[in-house]
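Me: Could you take me on a close look at a single part of this protein, namely its enclosed spaces? I am new to this, so please explain the terms as you go.

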Amino acid sequence: MNPRDYHYMARALQLAARGMYTTDPNPRVGCVIVGRDGEVVGEGWHACAGGPHAEVNALRQAGERARGATAYVTLEPCSHYGRTPPCSQALIETGLGRVVAAMVDPNPQVSGEGLDQLRAAGIQVECGVMRAQAEEIYRGFVARMRRGRPYVCCKIAASMDARTAMADGASRWITSEASRCDVQALRARSSAVLTGIGTVLMDDPALTVRDRDIVEAAGGGTVGVRQPLRVVVDSRLRMPVNARMLSQPGATLIATVDGDADGRAKLQGRDVEMDVLPSVGGRVDLGVLLDRLAARKVNEVLVEAGAELNGALLKAGLIDELIIYVAPKLMGDGARGMFRLPGLERMDQCIPLQFTDIRRVGADLRVTARPGKVPG
């Protein structure tokens with residue numbers, strides 16, 4: 001590998017990001033084809049599930065100039081038939097001389113087979129260039145393939161004194177418009193948005209992606225914004241029939257432990273799906289819920305909930321990332337906190353966090369952190 005490999009792979013990763021909001025549940029993939037003379041002869045990215053893959057789009061642009069060229073692809077080319085033919089065969093038939101991949105596909109249906117096919121055809125193969133950056137783009141897909149659960153990101157809007165609502169539940173608006181727009185991008189990249197029935201009863205959120213400009217801003221063209229699945233943890237089936245989210249585009253899933261026929265009957269005729277789950281202390285088993293979502297090909301879950309659900313997820317070790325928008329204001333002792341974490345009484349019981357990013361968004365700070373191991 002040489003420095004040019006990193007240059008072209010960085011470009012391929014930029015192309016992959018153009019599918020950030022549109023490829024789900026497929027991974028976002030970019031491809032750059034460089035001719036023997038060092039000139040880029042083809043570029044492509046996967047724009048939407050069911051559409052041509054990145055490699056095919058790049059090969060079409062390159063045409064005959066792809067013979068003997070090098071292809072830089074952000075994920076191992078697929079080797080199996082799905083909704084589209086295998087990309088490994090398309091690369092072989094074109095007569096490429098070399099393929100550089102950022103990472104092996106974690107999908108067990110591929111997992112090295114695509115690269116093996118390329119090698120068997122006499123193509124030089126390199127793998128691992130900018131792997132860490134690729135894994136970040138594929139974080140949800142990787143989580144689902146490797147551990148059978150989605151990547152879970154918990155978003156919170158809070159004041160400087162870590163309060164998320166006043167004592168009466170009022171929370172509009174703690175953070176700036178810029179932060180709220182930023183959250184739209186988080187929703188758009190997520191497969192599902194998870195909340196609790198308490199938030200529904202208090203705030204009546206729509207939980208939709210409203211900013212349709214984010215796709216074009218990311219360079220993804222006009223494929224259209226995909227609405228994430230809305231998931232409500234509602235153990236006792238208290239979902240109001242007139243909840244705002246039930247009249248929004250896209251589907252709503254209610255996760256409950258209550259199979260009560262009356263509760264189901266009141267929601268008939270609404271675009272609602274019920275999933276009756278095992279209970280833990282009378283509440284939905286959140287681990288099983290995430291397993292079920294993975295089975296539905298949910299890659300990334302964005303949590304937009306209150307202290308109760310946030311705390312339960314955190315204490316169960318089910319949150320991969322926290323994104324906290326911190327507003328420059330103080331809300332006082334009586335206001336509500338970010339997490340309900342009963343039983344934390346000593347310093348050695350604290351849940352450690354690792355800050356991974358801090359930046360300004362409008363008037364606010366956006367703090368990104370990863371929780372460490374929850375003390376037993």
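Reply: Happy to! Helices (H or I, at least four residues) and strands (E, at least two) are DSSP runs, numbered from the N terminus. This is a predicted model, where local features need pLDDT of at least 70, side-chain atom pairs count only at pLDDT 80 or more, and totals for chains, interfaces and linings use all residues. Residues are numbered from 1 along each chain as its sequence is written, and side-chain values use heavy atoms, with hydrogens and water left out.

A cavity is a set of points, on a 1 Å grid over the protein atoms alone, where a 1.4 Å probe fits but cannot get out; lining residues have an atom within 4 Å of a point. Points are joined across faces, edges and corners, and a volume is the space filled by probe spheres set on them.

The structure has two cavities of 30 Å³ or more. Let's look at the second largest, with about 40 Å³ of space. Its lining consists of Arg 139, Tyr 151, Cys 153, Leu 186, Arg 189, Ser 190, Glu 300, Val 301 and Leu 302. Strand 6, helix 7 (177-189) and strand 14 each supply at least two of these residues, and strand 14 gives the most, with three.

By class, this lining has five nonpolar, one polar and three charged residues. Here Ala, Val, Leu, Ile, Met, Phe, Trp, Tyr, Cys and Pro count as nonpolar, Asp, Glu, Lys and Arg as charged, and the others, Gly among them, as polar.

The largest cavity has a volume of about 60 Å³. Glu 300 is one of its lining residues, and Glu 300 also lines the second largest cavity.

Notes
On a 1 Å grid over the protein atoms alone, a cavity is a set of points where a 1.4 Å probe fits but cannot get out, and a pocket is an open set with protein on both sides within 12 Å along at least five of seven lines; lining residues have an atom within 4 Å of a point.
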